[in-house]
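Student: I'd like a close look at one part of this protein, together with whatever surrounds it. Could you take me through it in one go?

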Amino acid sequence: MGSVKRFEDLEVWKKTRVFADKVYKLSNTGTFSNDYSLRNQINASSGSIIDNIAERFERGGTKEFIQFLYYSKGSCGEARSQLYRAYDRNHINSETFKELFSDAEEISKMLSGLTSYLQTSDIMGIKFS
């Protein structure tokens, strides 16, 4: 983590970027595209994961970054819940559900791992350098 200079270098950000893109593309197809409320909610929550990582990384303080990693993790849980609703409404099939759910679970684990690492490290953030 000490050598990471940009949020774009974080593996969790890269994984979340792909996830948000998959969700966006999927939500704009078939019956999903007409379920405006759910489509907008799942795009907002998946986007919130990636945006919270970027926003707080740029502020340069580790404690603040950790707090927003928790927000990202919450948004990840929200996206998983919305995947259930998309599946229950027959907007996505079981294979797509399992793939995206697995992606979201992996992102959640990565966020937890990064949070744990930062909480036990001496890294203060670039604004304290």
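Which residue caps the N-terminal end of α4, and which backbone nitrogen does its side-chain oxygen lie 3.2 Å from?

Tutor: Happy to. A word on the ground rules: this is a predicted model, in which local features need pLDDT of at least 70 and side-chain atom pairs count only at pLDDT 80 or more, while totals for chains, interfaces and linings use all residues. Residues are numbered from 1 along each chain as its sequence is written, and side-chain values use heavy atoms, with hydrogens and water left out.

The cap is Asn 93, whose side-chain oxygen sits 3.2 Å from the backbone nitrogen of Glu 95. That is a polar contact, meaning a pair of N or O atoms within 3.5 Å; within protein, one must be able to donate a hydrogen and the other to accept it, and residues adjacent in sequence count only if both atoms are side-chain atoms.

Now for the helix itself. The protein has four helices and zero strands, in the order α-α-α-α along the sequence. These elements are DSSP runs numbered from the N terminus: H or I of at least four residues for a helix, E of at least two for a strand. Helix α4 covers residues 94–120. Its 27 residues should span 39 Å at 1.5 Å a residue, and its end C-alpha atoms are indeed 39 Å apart; the expected span is 1.5 Å times one less than the number of residues. The C-alpha atoms of the whole protein fill a box of roughly 50 × 20 × 20 Å along the principal axes.

Which side chains of α4 are tucked away? Buried residues in α4 include Phe 97, Leu 100, Phe 101, Ala 104, Ile 107, Leu 111, Leu 114 and Leu 118, and also Asp 103, Ser 108 and Thr 115. Here buried means under 20% relative accessible area, exposed over 50%, and partly exposed in between, with a 1.4 Å probe and protein chains only. An α-helix has 3.6 residues a turn, so residues three or four places apart point the same way. The cover over the buried residues of α4 includes α1, α2 (36–59) and α3 (62–88), where cover is counted by contact, that is, heavy atoms within 4.5 Å. Helix α3 has a matching story: what covers its buried residues includes α1, α2 and α4, and among those buried residues are Phe 65, Ile 66, Phe 68 and Leu 69.

That leads to the nonpolar core, a set of buried Ala, Val, Leu, Ile, Met, Phe, Trp, Tyr and Cys residues joined through side-chain atoms within 4.5 Å. The largest one has 31 residues, and Leu 10, Phe 19, Ile 53 and Phe 65 have the most contacts inside it. Each of α1, α2, α3 and α4 supplies at least two residues of this core, and α4 gives the most, with eight. In soluble globular proteins, nonpolar side chains tend to be buried together. Across the protein, 43% of the 129 residues are buried.

The charged side chains of α4 are worth a look too. Side chains of opposite charge can pair when their charged atoms come close. Glu 99 forms a salt bridge with Lys 22, their closest N and O atoms being 3.0 Å apart; the term means a side-chain nitrogen of Lys or Arg within 4 Å of a carboxyl oxygen of Asp or Glu. This pair joins distant parts of the chain, with Glu 99 in α4 and Lys 22 in α1, 77 residues apart. Glu 99 is partly exposed at 40% relative accessibility, and Lys 22 is likewise partly exposed at 29%. The two belong to a network of salt bridges that also takes in Lys 15, Asp 103 and Glu 106. In all, the structure holds ten salt bridges.

For contrast, take a pair inside α1 (residues 11–27): Glu 11 and Lys 14 are three residues apart, so about one helical turn separates them. Their salt bridge has its closest N and O atoms at 3.2 Å, and Lys 14 is partly exposed at 36%.

Just upstream of α4, Asn 90 takes a positive phi of about 65°, right after α3. From there, Asn 93 and its contact to Glu 95 bring you back to your starting point.
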